[in-house]
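Hi,

Here is the structure I said I'd pass on. Have a look at it first, and then my notes are underneath.

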Amino acid sequence: MTSVADRRIGPMEFLLGLRRRGIADPAVLRAMEEVPRENFVRADDAAVAYADHAMPIDCGQTISQPYVVAYMTERLSLAPEHKVLEIGTGSGYQAAVLSRLAARVVTIERYRTLAEQARARFAALGYDNIAVVIGDGRAGVPEEAPYDRIIVTAAAESIPRALVDQLADGGVMVLPLGPQDGAQIIVRLTKTPSGLFRENFIGVRFVPLLPGKAREL
Ligand code: SAH
């Protein structure tokens with residue numbers, strides 16, 4: 001007999017759950033359906049990959065909860081011609097979802113190990129429109145700026161100035177803002193001629209956006 005606790009959530013139930021929680025954009029749902037989440041979690045977690053919570057990955061980091069990935073992606077309002085910058089590659093899962101909805105994704109990670117694992121995952125899946133950069137994402141990736149969209153998947157206490165500078169006019173940035181151990185919220189910033197327009201959304205829990213490239217691997 002299987003108990004409710006160890007019942008596996010499959011891809012169909014996964015999509016229904018996202019819909020039930022309010023994810024409505026068909027393109028976002030299609031991207032969530034297309035990307036095999038089991039490829040982005042640790043081998044031991046493959047069977048529970050579609051459970052709606054964050055999971056540990058290497059280097060003490062986490063792969064984000066599917067609902068939060070879908071939610072932030074939906075808030076970005078991506079178009080097929082967009083160039084997107086992601087800060088915090090982690091497992092590569094969020095970047096993979098973005099890559100199904102935009103022309104090009106540049107993602108930056110401070111741990112070389114995570115960056116290389118993500119590159120291998122993208123290659124295995126044939127996702128060839130993602131560039132993985134190793135470095136401090138707080139400085140953005142100026143070589144490829146401006147970006148139509150920027151998403152930050154680690155929490156910062158304040159909005160990194162370099163990222164605002166690298167956002168195209170009319171561009172949108174979605175990020176978790178708040179203290180490391182306190183209340184963080186998803187914020188959307190739109191770059192308008194008269195300045196940044198800010199909207200506050202749901203409360204979340206992300207690992208911190210840390211300074212510098214990781215010294216350890
Ligand atoms: N988007 C990821 C979730 C990553 S967790 C996924 O889909 O799996 C946040 C990641 O941000 C971690 O891997 C962490 O190492 C990275 N990170 C934290 N601070 C950073 C910085 N300053 N520059 C680049 N990456 C950073």
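**Around the ligand**

An oxygen atom of the ligand is 2.7 Å from an N or O atom in the side chain of Glu109. Before you read on, keep in mind that this is a predicted model.

Glu86 also has a polar contact through its side chain: an N or O atom there is 2.9 Å from a nitrogen atom of the ligand. With Gly137 the backbone does the work, as one of its N or O atoms lies 2.7 Å from a ligand nitrogen. As for cover, the ligand taken alone exposes 590 Å², and the protein buries 99% of that.

And where does the ligand sit? In the largest pocket. Three elements give two or more residues each to the shell around it: strand E2 (62–63), helix H4 (93–99) and strand E4 (104–109).

In total, 27 residues surround the ligand, and the closest are Ser91, Glu109, Asp136, Gly137 and Leu210. So you'll find Glu109 and Gly137 in that closest group, with the polar contacts of Glu109 and Gly137 described above. Sorted by class, the shell comes out as 10 nonpolar, 12 polar and 5 charged residues.

**Away from the ligand: rings and backbone**

The structure holds 5 aromatic pairs. One of them is Tyr67 with Tyr71, a tilted pair with 5.8 Å from centre to centre and 45 degrees between the planes. Both tyrosines lie in helix H3 (residues 66–76), and they are 4 residues apart, about one turn of the helix.

Two backbone details are worth a look in your viewer. A cis peptide bond joins Ala145 and Pro146, with omega at about 5 degrees. You'll find Pro146 in the loop between strand E5 (130–134) and strand E6 (147–152).

The other detail is Cys59, which is not a glycine but still has a positive phi, near 65 degrees. Cys59 lies in the loop between strand E1 (55–56) and E2, and E2 is one of the elements that give residues to the ligand shell.

Cheers

Key. Residues numbered from 1 in each chain as written. Predicted model: local features only at pLDDT ≥ 70, side-chain atom pairs only at ≥ 80, totals over all residues. Heavy atoms only, no water. Near = heavy atom within 4 Å. Polar contact = N/O pair within 3.5 Å; in protein donor to acceptor, adjacent residues only side chain to side chain. Areas by Shrake-Rupley, 256 points an atom, 1.4 Å probe, with all protein chains shown as cover. 1 Å grid on protein atoms, 1.4 Å probe; cavity = no way out; pocket = protein on both sides within 12 Å on 5 of 7 lines; lining within 4 Å. Sits in = over half its atoms within 2 Å of the grid points. Nonpolar A, V, L, I, M, F, W, Y, C, P; charged D, E, K, R; others polar. Phe/Tyr/Trp six-rings, centres within 6.5 Å; stacked < 30°, edge-to-face > 60°.
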